[in-house]
Every structure is written in structure tokens, then in C-alpha cells.
Amino acid sequence: MSYSTPKSDEPPLLGIGRPLPGSAEPVERADAARNRALLLDAAQQLVREHGVDGLTMDALAKRAGVGKGTVFRRFGNRTGLMLALLDHSEQKFQAAFMFGPAPLGPGASPIDRLIAFGRTRLLDIEVEGDLHRAAEADGRFGAGPYALHKAHVVLLLRATRIDGEIPLIADSLLSTLSAALVIHQVEVLGYPREQIGDNWEWLVRRVVSPVSQVE
């Protein structure tokens, strides 16, 4: 599990959990870690442009401008690549909502940050939905990314000064961002991600209304 020094009252960065194939080791050279991150950024863009089926070792090598052997040495196989991509995506998401620019990061109102949190998470689920769903099924409520997400949502809810049992409210909100539910809404019920995001915003505003939107 990886950690980063927190700022202000934000909780520390957490990785997915156990070390994953293709994930950065604690002693990995800076240039190797940077090259790995560039490969995973390219993989994320491929998935966003062409879907998960469009992410192959050949396609990634071509997009990144490296030999296919380099990709295989780094990730082992496509499964290792997908697991590394999930961890990479989670780390980027955590860094963005804790330290990145507003409205997802500090500097916007708590309500705007909550809205941005949900919309950004939905984009991640659209890209790596099956992997997020598998991670949820492997026990997610006590620790790992879910615990960090909940701590962040609790922090923002408290900043809005709402009444009620805030940790339970945070769980209720986060349940609507479950990968299994979102995938069902998109693939079975036919809702586009943008509409699901609009519903997230509607729900957040109803939860905090009519409380003053404080910074």
C-alpha cells in the first residue's frame, strides 16, 4: 500500500492494496517510474478513445512509441497491464481530489467539490468499470480506496454543516457510485454517463440543501 504526505486535514493517499503487476516498487528508479506512468497515461487514453477492447499490448506500444517487448517486460501480459492501469487511475483520482485544481481539488465550495468528485469517478468507471467492479467484490468497505473516498466525502459534508449521521450519509452517496450499479445503469438501463452525473449532482444538492454553501 502506498502513501503520500497529506496536506491540511486530508487523509493520506492510498493505493489499491497489495502490489500489482506493473506497479511501481518503493525502490524503483525515478526514470523507470516516470516511464511507467507515461505508458499508463497512454493506456488510459486508449481506453477512453476505443474502450477496453482497444487496449492491447500492440496498441499501447504504438501509442507510446516503444517496442512491444518493452510493454511486455513492464506489465507481463494484458491482465497485468489492466491491473496496473486500475491502480494508476486510482492514484491519479486520489491526487486530483486531494491536491489538484478546483473544483475537484481545494479552492471550490464543498458542494462543487462533491459534484466534481462524483462526475470524475463516473468517468473512471466508464474507462475501467469491470476492474472497479471486481475490486468492489473483493471487499472494499473497511480499508483501501473506499475508506479514503469516504473520509473525503465526510470531510466535505461536514464543511457544509448539514445535520445527521454524516458517515452514514457519505455511505449512501457513495453507494450511487458503485461500479456494479453504474455499469448496470449504462449497459442495461441505457442511461448515458452524463445523465448519471446529472443525477449525482441533483442528489448532492438535495442532501445539503438548504444549508449555506460555505467554503
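How many aromatic pairs does the count come to in this structure? The count comes to 3 aromatic pairs, and the sections below set them beside the salt bridges and the nonpolar cores of this predicted model.

## Confidence in the model

The chain averages a pLDDT of 82, and 81% of its residues score at least 70. Over residues 1-8, however, the pLDDT is below 50, although this stretch still has 18 contacts in the model beyond near neighbours in sequence. Residues 15-27 also stay under 50, and for them the model has 24 contacts beyond four places in sequence. Where pLDDT is low, the predicted coordinates should not be read in detail.

## The aromatic rings

One of the aromatic pairs is formed by Phe93 and Phe117, whose rings lie 5.1 Å apart from centre to centre, with 45 degrees between their planes, and the pair is therefore classed as tilted, since that class takes the angles left between under 30 degrees for stacked and over 60 for edge-to-face. This pair links distant parts of the chain, because Phe93 belongs to helix α4 (residues 78-99) and Phe117 to helix α5 (residues 110-137), with the two positions 24 residues apart in sequence.

Are these two rings buried or exposed? Phe93 counts as buried because its relative accessibility is 2%, a value under the 20% limit, and Phe117 counts as buried because its relative accessibility is 0%. Phe93 and Phe117 also belong, together with Phe97, to one aromatic cluster.

## Salt bridges

The structure holds 12 salt bridges, and Arg121 takes part in two that are described here. The side chain of Arg121 meets that of Glu90 at 3.0 Å, N to O, and this pair links distant parts of the chain, with Arg121 in helix α5 and Glu90 in helix α4, 31 residues apart. Arg121 also meets Asp124 at 3.9 Å, N to O, but here both residues lie in helix α5, 3 residues apart, which is about one turn of the helix. Arg121 and Glu90 are both buried, and Asp124 is buried as well.

In another salt bridge, the closest N and O atoms of Asp171 and Lys150 are 2.9 Å apart. Asp171 lies in helix α7 (residues 166-175) and Lys150 in helix α6 (residues 144-159), so this pair ties together parts that are 21 residues apart in sequence. Asp171 is partly exposed because its relative accessible area is 24%, and Lys150 counts as partly exposed because its relative accessibility is 22%. Elsewhere, salt bridges that share partners join Asp112, Arg119, Asp198, Glu201 and Arg205 into one network.

## Nonpolar cores

The largest nonpolar core has 30 residues, and among them Phe97, Phe117, Val153, Leu157 and Val204 touch the most other members. The elements that give two or more residues to this core are α4, α5, α6, α7, α8 (179-187) and α9 (193-208), and the largest share, 7 residues, comes from α5. Phe117, already met in the aromatic cluster, is thus found again in this core.

Which residues is Val153 in contact with, leaving aside its neighbours within four places in sequence? Val153 is in contact with Leu114, Phe117, Ala170, Leu173 and Leu174. A second, separate core has 19 residues, including Leu40, Leu46, Val71 and Phe75.

How values were computed: Residues are numbered from 1 along each chain as its sequence is written. This is a predicted model: local features need pLDDT of at least 70, side-chain atom pairs count only at pLDDT 80 or more; totals for chains, interfaces and linings use all residues. Side-chain values use heavy atoms; hydrogens and water are left out. pLDDT is the predictor's confidence in each residue, from 0 to 100. Contact means heavy atoms within 4.5 Å. Rings of Phe, Tyr and Trp (its six-membered ring) pair if their centres lie within 6.5 Å; planes under 30 degrees apart count as stacked, over 60 as edge-to-face and the rest as tilted. Helices (H or I, at least four residues) and strands (E, at least two) are DSSP runs, numbered from the N terminus. Buried means under 20% relative accessible area, exposed over 50%, partly exposed in between (1.4 Å probe, protein chains only). A salt bridge is a side-chain nitrogen of Lys or Arg within 4 Å of a carboxyl oxygen of Asp or Glu. A nonpolar core is a set of buried Ala, Val, Leu, Ile, Met, Phe, Trp, Tyr and Cys residues joined through side-chain atoms within 4.5 Å.
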